[in-house]
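Welcome, and please open the model in your viewer with the sequence panel beside it. We will go from stop to stop, selecting a few residues each time.

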Amino acid sequence: MLKKIIILCFIFTKANAQNIRLDLNDVTLLLPLPIASEINLLPVANTEAALGALLPKSIVVEKIPTLLQLTPNETLYPLLHAVGFRVDPCFKEGSDASVKCKTQIRVVWQPLTTKGDKVSSIDVTLHTFYELSESQFQSLVTELKQLKLHATVSTDNIPLLVNPVLRKEGLNGPYYKKLLAIFYKYIGEINLSRITFMQLFGGETVWFFGGIDIKNAEVTRITIPRIHNTIQQFANTLTTSFRGGIAPAPKQADNLNIFLGDSSQLTLANEEDIIKAAKAAFKFENPKLHNPGTVDCVSCHLAQPVRVFAMKEFPQLNLDLLGTDFIYTGENLLNNSSLQNNTNVARIFGYFEDQPITTQRVINESAEVVKYIEANY
């Protein structure tokens, strides 16, 4: 009789889980920064999961260029901690509709440091991609739905930022432990397929972007879309406007170049170019119009700072109204991230020092993931 009850409970729970709708904070999970004594509750790079080390030291030291000026990657490696997880049922690159999308889990890594009880991040990033089979992803979705069923806080219709359950329970709570157990079943060195990176140089005023693909233990540099180069640079010596530039700069009509050079030179005499750049920023933030195979790194990472700056500096142009044909629309797209007015924040997801960052591009992508999962899983 007891065995029958257990079986019925399992079936009932599984059936209930199928009716659960995942929301933004269920598919894109930003982990809270802990106090210093609990920093290693966050996954570290050499954490062993079911498919091997999450981020092998040999790859970081031998295959990734120096991430932080004057600091060897070997020194930085022990400081790397996972600060976020993302799931993607349909990762696509390029405009070829016939190309089959990939099912993935992605992990965002940053070096973390401590001072007293405080934990802070260094402004470099590694973003690891792990490919799953269709059946694995189906199981992952089911497990995430079951986890949500037992969450102590609702994640429904909550703007994307630090995961609300983790914010309440912390990293010692049952939700986090179950979450890691779920992800660790599906990721590791064996299915690690890509690493993208953001480097920091020039007294924290110059960022470099690039990435590598990994297949059959062979590593190749990723050619960045629109610029036909494997590295792209963004420089800015200011925090609330732009003075620096982008190199190589995209030559396509849709670009942010006019803002990224020296924004102090812009006036309403540049109205036409300002409008073009703002429209380009709206397009780059829209996952229905652009994916990682159609937009260069800097344009993707700086779309939000440029858009926010343009709308603040030129309110008389009503740029949001002019961009209605390109702005991504949907429910629950509010961006509550701090530092949106800071033009020296090139990060799109993670932490700037101790401030959580989720840009509009990531919010919009997460909304598309929610829709796709709801329609197909």
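Helices and strands on this tour are DSSP runs, of at least four residues for a helix and at least two for a strand, and they are numbered from the N terminus. Keep in mind that you are looking at a predicted model.

**Stop 1: the cavities**

Start by turning on a cavity display, if your viewer has one. The structure contains two cavities of 30 Å³ or more, and the largest has a volume of about 80 Å³. Select Gln304, Val345, Arg347, Ile357 and Thr359: among the 13 lining residues of the largest cavity, these are the closest to its centre.

Now colour by secondary structure. Helix α10 and strand β14 (355-358) each supply at least two residues of this lining. Which element gives the most to the lining of the largest cavity? That is α10, with three residues. Colour by residue class next, and the lining of the largest cavity shows four nonpolar, eight polar and one charged residues.

**Stop 2: α10 and its neighbour α9**

Stay with α10, which spans residues 297-313, and add helix α9, residues 271-284. The axes of the two helices come within 8 Å and cross at roughly 130°, which makes α9 oblique to α10. Their crossing is left-handed.

To see the contact, show side chains for Ala281, Phe282 and Phe284 on α9, then for Ser299, Ala303, Arg307 and Met311 on α10. By class, this contact of α9 with α10 has five nonpolar, one polar and one charged residues.

**Stop 3: the second largest cavity**

Next, move to the second largest cavity, which holds about 40 Å³ of space. Select Asp26, Leu29, Leu144, Leu147, Lys148, Tyr175 and Leu179, the residues that line it. Helices α5 (134-149) and α7 (174-184) each supply at least two residues of this lining, and the largest share, three residues, comes from α5. How many polar residues are in the lining of the second largest cavity? There are no polar residues, but five nonpolar and two charged ones.

**Stop 4: α5 against α7**

Hide the cavity and keep both helices on screen. The axes of α5 and α7 come within 10 Å and cross at roughly 175°. Angles over 145 degrees count as roughly antiparallel, so α5 and α7 are roughly antiparallel to each other.

Select Leu140, Glu143, Leu144 and Leu147 in α5, and you will find them meeting Tyr175, Lys178, Leu179, Ile182 and Phe183 of α7. The contact of α5 with α7 consists of seven nonpolar, no polar and two charged residues. Leu144, Leu147, Tyr175 and Leu179 may look familiar here, since they also line the second largest cavity.

**Stop 5: two backbone details**

Finish with the backbone. Most residues other than glycine have a negative phi, and most peptide bonds are trans. Two places in this model depart from those habits.

- Select alanine 247 and proline 248: a cis peptide bond joins them, with omega about -10°. Proline 248 sits in the loop between β12 (244-247) and α8 (257-261).
- Then select histidine 228, which has a positive phi of about 55° although it is not a glycine. Look for histidine 228 in the loop between β10 (218-221) and β11 (232-236).

Technical notes: Residues numbered from 1 in each chain as written. Predicted model: local features only at pLDDT ≥ 70, side-chain atom pairs only at ≥ 80, totals over all residues. Heavy atoms only, no water. Axes fitted to C-alpha atoms, helices over the stretch in contact; angles between N-to-C directions. Parallel < 35°, antiparallel > 145°, perpendicular 65-115°, else oblique. Left-handed = near helix turned anticlockwise from the far one by under 90°. Contact = heavy atoms within 4.5 Å. Nonpolar A, V, L, I, M, F, W, Y, C, P; charged D, E, K, R; others polar. 1 Å grid on protein atoms, 1.4 Å probe; cavity = no way out; pocket = protein on both sides within 12 Å on 5 of 7 lines; lining within 4 Å. Points joined across faces, edges and corners; volume = space filled by probe spheres on them.
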